[in-house]
Amino acid sequence: MRKSSRPTKSCTTNEELDSSREELQSLNEELQTVNAELQGKVEELSAAHDDMRNLLNSTEIANLFVDNNMQVRRFTPEATMIVNLIATDIGRPIRHVASNLKYDNMIRDLEKVLQYLTPVETEVQTDEGRWFNMRIIPYRTRDTF
């Protein structure tokens, strides 16, 4: 009887499985590395968000951010004393939010700032008779500077 020098089908399959297992282990290690880097970036972003929120709140200045569609993006606690805002207003059009200001041109001025990217500054009065200096400025991103 002669022995065959060819590897058996079983042996070839085992080698392929071993090779596939090694590739999967290598991919898993790469994914773990990428995941660790991503987790680090998420933690950095979270810390930066906390820093920014604390900075905005510590100024005790009313800030209201709207997007290009004039929907509420974010606001500081002081803004709620001038414009009737609650947490669920985020994402709502600013037109739908009641204001305590005697300022009929707010929407028009917002549209003007969004269109021309030129700030508008004016004095405004609340329904209670308090006066404020209001500045509407364009929201700049890294891409728009």
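In this predicted model, the buried residues of helix α2 pack against three strands: β1 (64-66), β3 (120-125) and β4 (131-136).

**Helix α2**

Helix α2 covers residues 106-116, and its buried residues are Met106, Asp109, Leu110 and Val113. Looking down the axis of α2, these buried residues fall within an arc of 105 degrees, so they line one face of the helix. The spacing follows a general rule: an α-helix has 3.6 residues a turn, so residues three or four places apart point the same way. On the face of α2 turned away from the buried side are the exposed residues Gln115 and Tyr116.

Leucine 114 also belongs to helix α2. Its relative accessibility is 30%, so leucine 114 counts as partly exposed, since the partly exposed class lies between under 20% for buried and over 50% for exposed. Not counting residues up to four places away in sequence, leucine 114 touches Asp67, Asn68 and Met70. Leucine 114 and asparagine 68 are 46 residues apart in sequence, yet their C-alpha atoms are 6.7 Å apart in space.

**Two residues with positive phi**

Most residues other than glycine have a negative phi. Which residue just after α2 takes a positive phi? Leucine 117 does, with a phi of about 55 degrees. Leucine 117 sits in the loop between α2 and β3. Glutamate 60 also has a positive phi, near 55 degrees, in a residue other than glycine. Glutamate 60 is placed in the loop between α1 and β1. With a relative accessible area of 62%, glutamate 60 is exposed, whereas leucine 117 is partly exposed at 42%.

**Threonine 76**

Threonine 76 is found in the loop between β2 and α2. Is threonine 76 buried or exposed? Threonine 76 counts as buried because its relative accessibility is 2%, and buried means under 20%. A polar atom of the threonine 76 side chain lies 3.0 Å from the backbone oxygen of isoleucine 61. Leaving aside neighbours within four places in sequence, threonine 76 is in contact with Leu56, Asn57, Ile61, Ala62 and Asn63.

**The pockets**

The largest pocket holds about 1400 Å³ of space. It is lined by 39 residues, and the closest to its centre are Ala62, Asn63, Leu64, Phe65 and Arg135. The elements that give two or more residues to this lining are α1 (9-58), β1, β2 (72-75), α2 and β4. Among these contributors, α1 gives the most, with six residues.

The second largest pocket has a volume of about 210 Å³. Eleven residues line the second largest pocket, and the closest to its centre are Asn68, Leu114, Leu117, Tyr139 and Arg140. Two of the residues described above, Leu114 and Leu117, therefore appear again in this list.

The table sets out the classes of lining residues.

| Pocket | Nonpolar | Polar | Charged |
|---|---|---|---|
| Largest pocket | 27 residues | five residues | seven residues |
| Second largest pocket | five residues | three residues | three residues |

Helix α2 thus links several parts of this account: its buried residues pack against β1, β3 and β4, and α2 is also one of the elements that give two or more residues to the lining of the largest pocket.

Definitions and conventions: Residues are numbered from 1 along each chain as its sequence is written. This is a predicted model: local features need pLDDT of at least 70, side-chain atom pairs count only at pLDDT 80 or more; totals for chains, interfaces and linings use all residues. Side-chain values use heavy atoms; hydrogens and water are left out. Buried means under 20% relative accessible area, exposed over 50%, partly exposed in between (1.4 Å probe, protein chains only). Helices (H or I, at least four residues) and strands (E, at least two) are DSSP runs, numbered from the N terminus. The arc is that of the directions from the helix axis to the C-beta atoms. Contact means heavy atoms within 4.5 Å. On a 1 Å grid over the protein atoms alone, a cavity is a set of points where a 1.4 Å probe fits but cannot get out, and a pocket is an open set with protein on both sides within 12 Å along at least five of seven lines; lining residues have an atom within 4 Å of a point. Grid points are joined across faces, edges and corners, and a volume is the space filled by probe spheres set on the points. Ala, Val, Leu, Ile, Met, Phe, Trp, Tyr, Cys and Pro count as nonpolar, Asp, Glu, Lys and Arg as charged, and the others, Gly among them, as polar. A polar contact is a pair of N or O atoms within 3.5 Å; within protein, one must be able to donate a hydrogen and the other to accept it, and residues adjacent in sequence count only if both atoms are side-chain atoms.
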